[in-house]
Every structure is written in C-alpha cells, then in structure tokens.
Amino acid sequence: MKLLNCRIESANNSESDFPLNNLPFGVFAKDKGTPRCCVAIGDFLLDLSVLFDAAVFPELPENVFAQSTLNAFMGMGNDKWSYVRKQLIELLRADSATDAKKVKAIENAQHLQSDATMHMPFTVGDYTDFYAGRQHATNVGTMFRGAENALPPNWLHIPIGYNGRASTVVISGTDVHRPLGQMKPPTAEIPYFGPCKRLDLELEMGAVVGVPNEMGKPVTVAEADDMIFGYVLLNDWSARDIQAWEYQPLGPFQAKVFATTISPWVVTKEALAGFRVSTPARDVELLPYLQEKEPLLYDIDLAVHLKPEGSAKPTTISNTNYRNMYYSAAQQLAHHAIGGCKMNTGDLLGSGTISGDSDKAYGSLLEISWGGKNPLTLDTGEARSFLEDGDTLTLTGAAIGDGFKIGFGECTGKILPAPDFNP
Ligand code: MN
C-alpha cells in the first residue's frame with residue numbers, strides 16, 4: 001500500500017498522522033461556533049457539513065454531518081462509511097479532475113486543526129472495559145495474587161470485562177482530578193479515606209460500535225467486526241490502591257470511574273484494513289462462537305509519554321503494539337452480545353491494557369514500576385512509581401505504512417490535585 005497523493009500538501013508529509021489514506025472522523029468547533037462533523041487531512045480538518053452542501057455526498061440524507069456528534073453517520077453501516085471515504089478520496093486526490101466549484105468547497109470547508117477545538121466525536125452509549133492483554137493480566141495477577149494464580153482459570157476461554165461508566169469518558173485535553181476514595185494498605189487493620197496515592201494510566205485502544213444489534217439476538221465474530229465503525233486511543237485512568245481494596249468479588253468500581261480519556265479522531269476500520277493481523281497462537285481452542293475466521297487484530301505502534309509539571313519535554317516511558325492482544329475487539333463484541341445484550345451506536349469497548357514483553361513495553365506504571373518496587377527514572381532525573389499532581393500523560397499511536405502512517409493524534413490529560421472535600 002502506497003501513500004495516496006493529496007491536493008492538500010501537508011497530507012503528503014510522511015510524518016503526518018493524517019494522509020489521504022487515513023481520513024479519520026471527528027467533531028470540531030471554531031471560536032464559539034456550533035460543533036460540526038469533520039475529517040482530518042494533513043494539518044487541516046474539513047467541515048463535512050460544508051462538503052455535503054456542495055453535493056460531495058449526494059447519496060447521504062440531509063443533516064448527517066451538520067450535527068455535534070458522529071452517531072447518525074456511525075449508525076449507517078459499512079456501505080455508507082465506505083461511500084463517504086470513496087467520495088473524499090476522489091475529491092482530494094492530487095490527480096483527480098475536481099471541478100472549480102468543488103475546489104472552492106474544499107477551501108470553504110478547510111480549517112487549520114491548530115485553530116479549532118475538538119469535541120467528543122460521538123455520544124458514548126455504554127462503556128465496557130476488557131482485560132485482554134495476556135502480559136498485562138499475567139503481570140497484574142502476579143502482583144495481586146501471586147505467580148501461581150496469575151491468570152484466572154477462565155482467562156484463556158473468555159474475554160473478561162466489566163461494565164464501566166460512559167458519563168466520565170472525556171476528550172483528550174481534559175484535566176483529570178486525582179480521585180478520593182477508600183483504601184486499605186495490606187499492613188493496615190482498617191481502611192482510610194483520602195486522595196488516591198497510586199494513580200495510574202492504562203494504555204488501551206477503544207473500539208467504537210457503529211451498527212447496533214437487537215436485544216436477544218447474538219452476533220457472530222464476523223458480524224461483530226462489521227458493526228465496528230473505528231478505533232480511538234483510550235486511557236483507562238486507574239486508582240490502584242482503591243482498586244486493590246475494592247475489586248473482589250465484583251471487579252473494579254470506584255477505581256476506574258473518575259475518568260477515561262479518548263483521542264479526538266476515530267480512525268475507521270477501512271483505513272486500517274491493510275494492517276490486519278491475527279491474534280496470537282492459542283494455548284487452548286476457543287469455543288466456536290469466539291473463533292475468528294480471518295485476522296481481526298491490527299498492527300498499531302503505541303507509545304506512552306510522561307511530562308512532569310514545568311518540564312520542557314516528555315519522557316517516552318513505553319513503546320508497544322496493539323497486536324499483542326489475545327482477543328480482538330470483534331471477539332469482545334461478539335462475546336458481549338452472546339447472552340442477549342443489545343449493543344448500541346456509540347458504545348465504546350476498551351481493549352484492556354496493552355503490554356509487550358518487557359518493562360519498556362508495559363502499558364501501565366503499575367507494571368513498569370512493578371507495584372512501586374522499581375521506580376522509573378524520567379529524562380529530568382525525577383523518579384516515578386505512579387502519577388504525581390501536575391504530570392501530563394500522552395498516548396500516541398500509528399499503523400506504519402510504506403512512506404505514510406495511519407495516525408490517531410494524541411490522547412492526553414493532566415493530573416490535578418484531589419478535590420477539596422471535608423465530609
Ligand atoms: Mn482497563
């Protein structure tokens with residue numbers, strides 16, 4: 001697969017996250033204007049409602065893009081998603097015979113990304129987070145329960161997940177307050193209340209559901225893949241000391257609900273099609289409803305960057321890849337719906353923490369510092385076991401093509417002190 005040459009020059013830079021091959025969808029506003037659906041191209045974004053008015057998408061219904069969320073478009077399914085991508089490529093290719101009226105429409109739709117504010121790209125229906133990284137599950141299990149019981153007996157058979165909170169899924173750039181909660185160190189007799197001391201990130205991908213299924217109607221893995229509109233970077237912020245005390249027997253509760261950050265651009269399944277890879281070899285065969293007939297995971301390079309308050313530049317603390325996951329998002333979605341659960345447009349599925357096979361490739365500070373036993377040294381010389389107030393954490397990711405990349409932009413958040421609260 002080669003770079004598709006674009007009439008917008010900055011999209012042809014091999015370092016750009018947003019070449020013509022990508023065309024991720026988002027929602028933007030300028031000044032105090034109404035948010036509108038857009039695509040990213042090079043240093044710019046294109047207002048899709050302006051392109052619609054210029055008859056670039058004659059097969060779409062009115063007002064699909066003159067909205068502050070992508071949900072209406074996301075609910076339309078593969079044919080319409082593919083149609084819009086085809087029309088945009090035809091419009092923007094350097095060598096296409098785009099007429100003067102359409103060239104004018106591109107100019108009218110075009111805004112520098114640096115001049116725009118990005119909004120949540122879709123209204124989140126329900127948010128579910130999984131635990132599908134084998135290395136991560138092994139590391140955390142070893143720390144919490146010992147090496148003998150690291151992987152729970154169901155782990156190789158079921159994509160384990162929990163139902164999270166859609167209400168606190170936020171767009172990149174949103175500050176995150178250190179949460180308050182109840183904790184009990186192993187050495188203490190009774191729990192105490194206060195600000196979390198072991199605040200962490202989780203590097204994940206988020207799969208975004210486009211097409212719903214009916215309640216009571218399970219879907220196959222292949223049908224589940226068809227339901228997925230695209231992918232975002234996702235940081236599942238986690239309070240490890242709150243989690244350790246509360247998580248048995250029903251899983252995380254307060255430890256995960258204070259914030260989940262996503263990147264502003266939804267990269268479509270079609271843009272990633274050339275980067276499909278198979279899930280790793282199975283130790284035990286999956287039950288038939290979970291087996292995939294073709295590669296459904298993706299080769300996406302991922303990195304984590306940490307910048308302390310006042311520091312000029314961040315330290316990259318991890319480099320890993322989405323292909324490390326044991327279960328694909330399609331398998332997770334098929335499992336989610338198998339018992340009769342209805343999945344809706346805008347539902348968000350966190351992959352689970354994506355950890356590679358060394359402490360340079362782990363997707364959380366819990367693993368990198370091994371529960372605080374081996375603090376990490378940043379480029380500034382400062383030590384970190386967990387996140388401190390003032391730290392800015394950024395996730396980046398891209399599928400690497402031949403002379404181009406399919407990038408995701410940034411998923412970033414700054415840690416603010418715990419709220420002032422005296423019950
Ligand atoms: Mn998670």
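Among contacts in the protein between residues at least 6 apart in sequence, what share joins residues at least 24 apart? In this model, which is a predicted one, the share is 72%, and I would like to keep that figure in mind while we go through the overall architecture and then turn to the metal site.

Starting with the fold as a whole, the protein contains nine helices and 26 strands. Its radius of gyration is 22 Å, close to the 22 Å that the globule rule gives for 423 residues, so the protein is as compact as a globular protein of that length. Taken along the principal axes, the C-alpha atoms fill a box of roughly 75 × 55 × 45 Å, and buried residues account for 54% of the 423 residues.

As for the surface, the accessible area comes to about 18000 Å², with 52% of it belonging to carbon and sulfur atoms. The protein carries 35 positive and 50 negative side chains, and yet the centres of the two sets lie 1 Å apart.

Now to the manganese ion, whose protein donors are Asp129 (OD), Glu202 (OE), Glu204 (OE) and Asp236 (OD), lying 2.1 to 2.2 Å from the ion. Along the sequence, these donor residues follow the spacing D-x72-E-x1-E-x31-D. Asp129 lies in strand E6 (residues 127–130) while Glu204 belongs to strand E13 (residues 203–209), so this pair ties together parts that are 75 residues apart in sequence. Are these two donors buried or exposed? Asp129, at 1% relative accessibility, counts as buried, and Glu204, at 0%, counts as buried as well, the cut-off being under 20% relative accessible area.

Conventions. Residues numbered from 1 in each chain as written. Predicted model: local features only at pLDDT ≥ 70, side-chain atom pairs only at ≥ 80, totals over all residues. Heavy atoms only, no water. Donors = N, O, S within 2.8 Å, 3.2 Å for Na, K, Ca; no water. Helix = DSSP H or I, 4+ residues; strand = E, 2+ residues; numbered from the N terminus. Buried < 20%, exposed > 50% of the residue type's maximum accessible area, 1.4 Å probe, protein only. Rg over C-alpha atoms; globule rule 2.2 N^0.38 Å. Contact = heavy atoms within 4.5 Å. Areas by Shrake-Rupley, 256 points an atom, 1.4 Å probe, with all protein chains shown as cover. Lys, Arg positive; Asp, Glu negative; His and termini not counted. Charge placed at Lys NZ, Arg CZ, Asp CG, Glu CD.
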